[in-house]
Amino acid sequence: MPVIRVENLTHIYSRGTPFEVTSLDNVSLEIQRGGFYALVGATGSGKSTLVQHFNGILAPTTGKVWVCGIDVANKRLRRELWRKVGLVFQQPEHQLFEETVFDDVAFGPRNLGLSAKEVRERVFDALRLVGLDPDEVEQTSPFRLSGGMRRKAAIAGVLALHPEVLALDEPAAGLDPLSRRQLMERIDHFRMDRGITVVLVTHNMEEVARWADRVAVLHKGRLAMEAAPREIFNKAEELRAMGLDVPATVELMLCLQARGVPVRTSVLTTDEAVEEIAGLLNRT
Amino acid sequence: MISSITFGQFIPGNSLLHRLDPRTKVICVIATAIAVVSIVKWYEFAILAVFIFLSMILSRIPARIFFRGLFSIWLLLVVTFSLQALLTPGEVLFGLGALKITREGLAAGCQIFLRLALLILIAFLLTLTTSPISLTAGLESILAPLKRAGVPTHELAMMMTIALRFVPTLLTEAEKVIKAQQSRGAGLGSGEVVERVKGLLPLFVPLFAGALRRAEELAVAMEARCYRGGANRTRMNSLVLELPDYVTLGITFAVLAMSVWLRFQNRL
């Protein structure tokens, strides 16, 4: 059952002015409940615009978007969508504003009208989920944390809303490799644990290969492809033409194939690549 | 939601007005503004309006952009018109209780309305056709004589350039922060006064933090390039007055001279 349904969505910014930009052009797709959905595309392909339709920040210029059964064209219902869809913006650490990390993470839950006890539980729970020690950071000013910790605290602020759909706009960009992997692991764990849907906006193909079960490729505001990662990465040439790339594993297999080595190219993870090459060596 | 177009923002183009020297445009705007405030007769208004409309056509900027700008100050226009119309003593045209609209009031109201509208259109002609960078270059050049009196004209122009440069950046940032806080259920700008002011904190704290961060980054970047303000710096595009500039200045000063002359004629 789709949790998000997008039908012929077009979004035009600054309509009717010389600054008019068509950001999304007739996009249709469905996102299944409980899935890990990746939205990829080069800079300016419209991915960020698309996710902002999911929690009611933007309304379609034309076309329809249903989120959890709610038509986002309805202004009153759209305003309430933040309760169901958590959206982590790019560089969320720039939105922290409270005096302590606790208060900042508690901002969302308090807006939900929860009791002090529930707020406290949710804040601690969310901080642990992103890998911060609640006892250590709760009374610290967010401005005194390191960049990576600030990012985690900001993501905790959205997780504490307990959303049904968690949309993240390049959450790992600018983090070190270890933090990147840990963050993605935690997000995926959170998804399976709570049965939520994750929508990940990224242009990191390794992340797509490792985590996503479905991918949509946007190119200049249009939906270029929509399939499972394996099928998408079979079209390396098309991806490159759109300013994207394939994961290193697929790249390796493509190079081997070009040299006449009979390997499958649809390998997504390092483990699969190791297996494929080991199998090949055993056969010869 | 904050519109991505600010009131009177520069619209790139290649019209005659876009190509004029910024100094010409600044001086012409001042001259025309003086003309607009000195005229009193209806036919004089008509002449100046035609002059300004012709300039608007020459700018090749769609008229609706100018009028949308005018519309955004409709409240000011309506209030000044009403005050003039209601509070000027004279021959009563129609009255409702204590409120009386007089013939003289109506005339004065229309004049102030026209004056304000024309002034706004003149200002738009400048800002819509001049990029902030060339505008500050022009102002710096016009203010250059004050340097001898110890006025740090270059630094002032630099500050203006930087301030203008960061207006769109801060607007974009504000929009992003508003969206992010709305995503966490922030009700920006609703409720009681105290609540409203409190509700703005989630917007202003990140915005100020961001502005300070940017200021620091900019300072470091400028220092890294060994920037020293005003120390005999030259410009990449030096300003040169050409024939169209002299023609424009000539026409504008003719209009100004006529308006001022008519003003003194009317006095006598």
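**Entry 1. Domains of chain B**

I began with the domain assignment of chain B, which gives domain 1 as 1-130 + 238-268 and domain 2 as 132-236. The model I am reading is a predicted one. I looked up the distance between the C-alpha centres of domain 1 of chain B and domain 2 of chain B and noted 29 Å. For the contact between these two domains, I listed ten residues from domain 1 of chain B and 13 residues from domain 2 of chain B. I then sorted the side of domain 1 of chain B that touches domain 2 of chain B by class, and found six nonpolar, three polar and one charged residues.

**Entry 2. Chain B as a whole**

I noted ten helices and two strands for chain B. Read along the sequence, the elements of chain B run α-α-α-α-α-β-β-α-α-α-α-α. I compared the radius of gyration of chain B, 23 Å, with the value near 18 Å that a compact globule of 268 residues would have. The C-alpha trace of chain B spans about 65 × 55 × 40 Å along its principal axes. I counted 22% of the 268 residues of chain B as buried. For contacts in chain B between residues at least 6 apart in sequence, I recorded that 73% join residues at least 24 apart.

**Entry 3. Chain A as a whole**

I turned to chain A and noted twelve helices and ten strands. The radius of gyration of chain A is 20 Å, and the globule rule gives 19 Å for 284 residues, so I wrote chain A down as being as compact as a globular protein of that length. I read off the span of the C-alpha trace of chain A along its principal axes as about 65 × 50 × 35 Å. Of the 284 residues in chain A, buried residues make up 42%. I also took the contacts in chain A between residues at least 6 apart in sequence, and 63% of these join residues at least 24 apart.

**Entry 4. Contact between chains A and B**

I listed the residues in the contact and found 24 residues from chain A and 19 residues from chain B. On the side of chain A that touches chain B, α3 (101-111) and α6 (147-159) of chain A each supply at least two residues. The largest share of that side comes from α3(A), with three residues. I sorted the side of chain A that touches chain B by class and found 15 nonpolar, nine polar and no charged residues.

**Entry 5. Nonpolar cores**

Which residues touch the most other members of the largest nonpolar core? I found Leu39(A), Phe54(A), Val105(A), Ala156(A), Val165(A), Ala167(A) and Val199(A), in a core of 83 residues. The element that gives the most to this core is α6(A), with seven residues.

I followed Phe54(A) and set aside its neighbours within four places in sequence. Phe54(A) is then in contact with Ile4(A), Val67(A), Val85(A), Leu87(A), Val165(A), Ala167(A) and Val199(A). I also noted a second, separate core of 20 residues, with Leu20(B), Leu48(B), Leu121(B) and Leu128(B) among them.

**Entry 6. Helix α11 of chain A**

I looked up the buried residues of helix α11 (residues 248-258) of chain A and found Thr249(A), Val250(A) and Met253(A). Why do I put them on the same side of α11(A)? They cover an arc of only 95° around the axis. The buried residues of α11(A) pack against α9 (229-233), α10 (236-241) and α12 (270-283) of chain A. On the face of α11(A) turned away from its buried side I found the exposed residues Cys255(A) and Ala258(A). Just after α11(A), I noted that Gly260(A) takes a positive phi of about 90°.

**Entry 7. Positive phi outside glycine**

I noted Asn26(A), a residue other than glycine, with a positive phi near 55°. Asn26(A) lies in strand β2 (residues 21-32) of chain A. Is Asn26(A) buried or partly exposed? I counted 14 other C-beta atoms within 10 Å of Asn26(A), and 20 or more would be needed for a buried residue. Asn26(A) is therefore partly exposed.

I noted Gln91(A) as well, with a positive phi near 45° in a residue other than glycine. Gln91(A) lies in the loop between β6 (85-88) and α3 of chain A. With 18 other C-beta atoms within 10 Å, I entered Gln91(A) as partly exposed.

Conventions. Residues are numbered from 1 along each chain as its sequence is written. Chains are lettered from A and ligands numbered from 1 in the order in which they are written. This is a predicted model: local features need pLDDT of at least 70, side-chain atom pairs count only at pLDDT 80 or more; totals for chains, interfaces and linings use all residues. Two residues are in contact if their C-beta atoms, placed from the backbone, lie within 7 Å. Helices (H or I, at least four residues) and strands (E, at least two) are DSSP runs, numbered from the N terminus. Ala, Val, Leu, Ile, Met, Phe, Trp, Tyr, Cys and Pro count as nonpolar, Asp, Glu, Lys and Arg as charged, and the others, Gly among them, as polar. A nonpolar core is a set of buried Ala, Val, Leu, Ile, Met, Phe, Trp, Tyr and Cys residues joined through C-beta atoms within 7 Å. A residue is buried if 20 or more other C-beta atoms lie within 10 Å of its own, exposed if 12 or fewer, and partly exposed in between; C-beta atoms are placed from the backbone. Domain bounds come from an automatic or database domain assignment. The arc is that of the directions from the helix axis to the C-beta atoms. The radius of gyration is taken over C-alpha atoms; the globule rule is 2.2 Å times the number of residues to the power 0.38.
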